[in-house]
Amino acid sequence: MENSNLEKKFKTPIILVSIIIPVAVVLLFSIRLKDFGINVAPLSFLPPIYATINGITAALLVSAVVAIKKGNRAIHEKLMTTAIVCSVVFLLMYVAYHMTADPTKFGGEGAIKYVYFFLLLTHIALSVTIIPLVLFTYVKALAGQFDNHKKLAKITFPLWLYVAVTGVIVYLMIAPYYAN
């Protein structure tokens with residue numbers, strides 16, 4: 001398939017996925033399985049796992065940049081693909097946890113509360129923004145449009161890294177307030 005055709009082929013699906021995922025997460029986040037008579041114990045073991053996956057994603061992103069700067073495109077590609085897979089696994093676990101558990105309120109007070117909410121809000125906003133950026137960046141590489149890929153990656157990388165790192169920080173800040 002011609003490179004420009006590959007990009008055109010994926011444009012609409014990327015836009016749809018970029019809309020559907022955040023909408024689905026919001027809807028699923030507000031649904032509790034127990035409200036439908038499905039008695040499932042809260043999946044309380046998931047938050048430290050999906051926080052770890054965020055940390056792994058951050059490490060994969062940094063490693064991928066190091067690999068490409070050293071000229072190792074094959075390793076870069078594998079690391080980036082693994083980072084995308086980790087992000088999908090994170091998302092599935094995140095939704096599963098929130099469908100089975102009651103919301104956790106942050107209990108910190110004073111300045112730390114403002115830091116927490118700033119990190120949380122920027123994390124959420126950028127996690128929505130990063131979906132199409134990651135997908136378009138990836139497709140540009142698949143299409144062999146490496147100059148365009150590199151230009152877009154310069155925007156995508158720091159935002160995705162921020163989302164991954166703040167995911168870990170937000171977890172660490174709220175972890176003491178999870179129900180036992």
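A nonpolar core is here a set of buried Ala, Val, Leu, Ile, Met, Phe, Trp, Tyr and Cys residues joined through side-chain atoms within 4.5 Å. The model examined is a predicted one. Its largest nonpolar core holds 30 residues. Within that core, Y50, Y97, Y116, W160 and Y178 touch the most other members. Four helices each supply at least two core residues: α2 (46–69), α3 (73–100), α4 (111–142) and α5 (146–174). The most generous contributor is α2, which gives eight residues. In soluble globular proteins, nonpolar side chains tend to be buried together.

The core is set in a helical architecture. The protein has five helices and zero strands. Read along the sequence, the pattern is α-α-α-α-α. The C-alpha trace spans about 50 × 35 × 25 Å along its principal axes. Buried residues account for 33% of the 180 residues. Contacts were also examined by sequence separation. Among those between residues at least 6 apart in sequence, 80% join residues at least 24 apart.

Y97 was examined individually. This tyrosine is one of the core residues that touch the most other members. Neighbours within four places in sequence were left aside. Beyond them, Y97 is in contact with L43, S44, L46, P47 and Y50. Its contacts also include D102, T104 and Y178. Two of these partners, Y50 and Y178, are likewise listed among the core residues with the most contacts to other members.

D102, a contact of Y97, also takes part in a salt bridge. The count for the protein comes to one salt bridge. It joins the side chains of D102 and K34, with an N to O distance of 3.0 Å. The pair links distant parts of the chain, 68 residues apart. D102 lies in the loop between α3 and α4. K34 lies in the loop between α1 (3–29) and α2. Partly exposed residues have a relative accessible area between the 20% and 50% limits. D102, at 46%, is therefore partly exposed. K34, at 48%, likewise counts as partly exposed.

The surface and the charges were considered for the whole protein. The exposed area is about 10,800 Å². Carbon and sulfur atoms supply 70% of that area. The protein carries 15 positive and 7 negative charges. The mean positions of the two sets are 6 Å apart.

How values were computed
Residues numbered from 1 in each chain as written. Heavy atoms only, no water. Buried < 20%, exposed > 50% of the residue type's maximum accessible area, 1.4 Å probe, protein only. Contact = heavy atoms within 4.5 Å. Areas by Shrake-Rupley, 256 points an atom, 1.4 Å probe, with all protein chains shown as cover. Lys, Arg positive; Asp, Glu negative; His and termini not counted. Charge placed at Lys NZ, Arg CZ, Asp CG, Glu CD. Salt bridge = Lys/Arg side-chain N within 4 Å of Asp/Glu carboxyl O.
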